[in-house]
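User: I'd like to go through how the labels on this model were arrived at. Can you take me through the reasoning?

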Amino acid sequence: MYKAEINVTLKKSVLDPQGQTVLHALSSLGYQDAKALRIGKYFELIVDEKDRKTAESRIREMCDKVLINPVIEEYSLQLTENAVLRG
Amino acid sequence: MLKASVVVFPGSNCDTDCYHALKDVMGMDVSYVWHKERELAGCDLVVIPGGFSYGDYLRTGAVARFSPVMESVRKHAAQGRPVIGICNGFQILLEAGLLPGAMLRNRGMNFVCKHVWLRVDDTNNLFTGSLDEGSLLNIPIAHGEGNYYCDADTLKRLQNESRIVFRYSSEEGSTLEEFNPNGSVENIAGILNEQRNVLGMMPHPERATEDLLGSRDGRRIWESILAQTR
């Protein structure tokens with residue numbers, strides 16, 4: 001079993017209205033040192049695969065087909081071995 | 001009689017509005033098609049209505065595009081027959097790759113629900129073929145994610161191929177930034193696919209078909225479809 005931790009953000013070239021709004025809120029609360037903020041999402045995905053290479057290519061396929069919209073989003077992926085299923 | 005199918009997903013909520021407008025007001029032969037069905041009942045026109053299919057989980061329209069019915073919608077479109085996606089329907093068509101680009105949260109993060117003016121920038125298609133270029137339509141919008149985005153190359157293509165059908169404007173037809181309700185690039189409110197038979201638009205023409213609703217301008221789009229689909 002492999003655990004994938006996938007962090008998704010809007011591409012740098014895409015304006016993030018949510019991040020902008022929250023950054024503005026921070027600054028109006030007095031956090032003038034907050035200079036840039038981008039909001040994304042996080043997936044924790046466990047796959048039942050024997051080897052790392054297959055696990056990674058399956059996960060990237062799932063990202064490209066479903067989890068991510070490549071028109072506006074990009075992601076980073078971290079893989080851990082010996083993942084345990086919980087819950 | 002023109003046969004229209006209104007596709008219904010879990011979470012669609014403009015399906016009955018579309019049914020009413022197309023059947024009772026426009027006189028089409030309308031049927032609902034549940035998202036699990038694989039046949040479109042031999043229809044001429046496919047309508048993908050607004051709403052919050054699958055609770056907008058993951059991304060708007062992202063789950064709906066995997067519904068069994070979407071395979072038939074894809075085939076229908078590939079045969080050059082008309083498909084119109086309204087609001088969430090537009091978002092679904094984008095996610096399905098039947099139209100280019102993507103939707104972002106509205107600039108300002110508000111859900112915007114109001115009547116807007118649309119300028120018709122293209123009439124070389126069956127959805128606006130009966131209108132004059134530059135016509136102005138008063139049609140309501142109601143969405144939180146209608147901030148249309150595409151990269152510079154895609155925008156250039158859309159412009160060069162005259163695939164931008166509707167742009168948010170003033171009552172006089174000005175498309176200055178101040179008449180942009182959601183931050184969409186170039187005030188885009190509706191676009192066509194390359195073959196010009198698939199239209200996605202954020203405004204709701206089904207909600208503007210009777211005086212009681214404040215405007216009848218939406219009829220002009222349905223009338224155009226009726227006239228051009230003979």
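**How the labels are earned**

Analyst: Let's start with B:Thr229, which sits in the segment after helix H5 (218-228) of chain B. Keep in mind that this is a predicted model.

User: What makes B:Thr229 count as partly exposed?

Analyst: Its neighbour count. B:Thr229 has 17 C-beta neighbours inside 10 Å. Buried needs 20 or more and exposed needs 12 or fewer, so a value in between is called partly exposed.

User: Which residues does B:Thr229 touch, leaving out those up to four places away in sequence?

Analyst: B:Leu2, B:Asp44, B:Leu45, B:Pro82 and B:Leu126. They are listed because their C-beta atoms come within the 7 Å contact cut-off. As for B:Phe127, it is 102 residues away along the chain, with a C-alpha separation of 9.4 Å from B:Thr229.

User: How do you know that the length of helix H1 of chain A makes sense?

Analyst: Set the expected span against the model. H1 covers residues 17-28 of chain A, and its 12 residues at 1.5 Å each should span 16 Å. The end C-alpha atoms are 17 Å apart, so the two agree. Just after H1(A) comes A:Gly30, with a positive phi of about 105°.

User: Why are S2 and S3 of chain A called edge strands?

Analyst: The sheet is open, has 3 strands in the order S2-S1-S3 (chain A), and pairs antiparallel. Strand S2 (41-47) and strand S3 (73-81) each pair on one side only, and that is why they are the edges. From one strand to the next, the twist averages 20°.

User: How do you know that S1 and S2 of chain A really pair?

Analyst: Pairing takes at least two bridges. Strand S1 (residues 2-10) and S2(A) have 7 of them, in the antiparallel sense, so they qualify. Within that ladder, A:Ala4 stands opposite A:Leu45.

User: What about the nonpolar cores: which residues have the most contacts inside the largest one?

Analyst: That core has 74 residues, and the best-connected are B:Val6, B:Val7, B:Leu22, B:Val46, B:Val47, B:Leu93 and B:Leu118. Take B:Val47: beyond four places in sequence, its contacts are B:Ala4, B:Ser5, B:Val6, B:Val7, B:Cys18 and B:Ile84. There's also a second, separate core of 8 residues, including A:Tyr2, A:Ile6, A:Ala55 and A:Leu67.

User: And how many residues of chains A and B are in contact with each other?

Analyst: 7 residues of chain A meet 11 of chain B. On the chain A side, 4 are nonpolar, 3 are polar and none is charged.

Note on methods
Residues are numbered from 1 along each chain as its sequence is written. Chains are lettered from A and ligands numbered from 1 in the order in which they are written. This is a predicted model: local features need pLDDT of at least 70, side-chain atom pairs count only at pLDDT 80 or more; totals for chains, interfaces and linings use all residues. Two residues are in contact if their C-beta atoms, placed from the backbone, lie within 7 Å. Ala, Val, Leu, Ile, Met, Phe, Trp, Tyr, Cys and Pro count as nonpolar, Asp, Glu, Lys and Arg as charged, and the others, Gly among them, as polar. Helices (H or I, at least four residues) and strands (E, at least two) are DSSP runs, numbered from the N terminus. Axes are lines fitted to C-alpha atoms, for helices over the stretch in contact, and angles run from 0 to 180 degrees between N-to-C directions. The expected span of a helix is 1.5 Å times one less than its number of residues. A nonpolar core is a set of buried Ala, Val, Leu, Ile, Met, Phe, Trp, Tyr and Cys residues joined through C-beta atoms within 7 Å.
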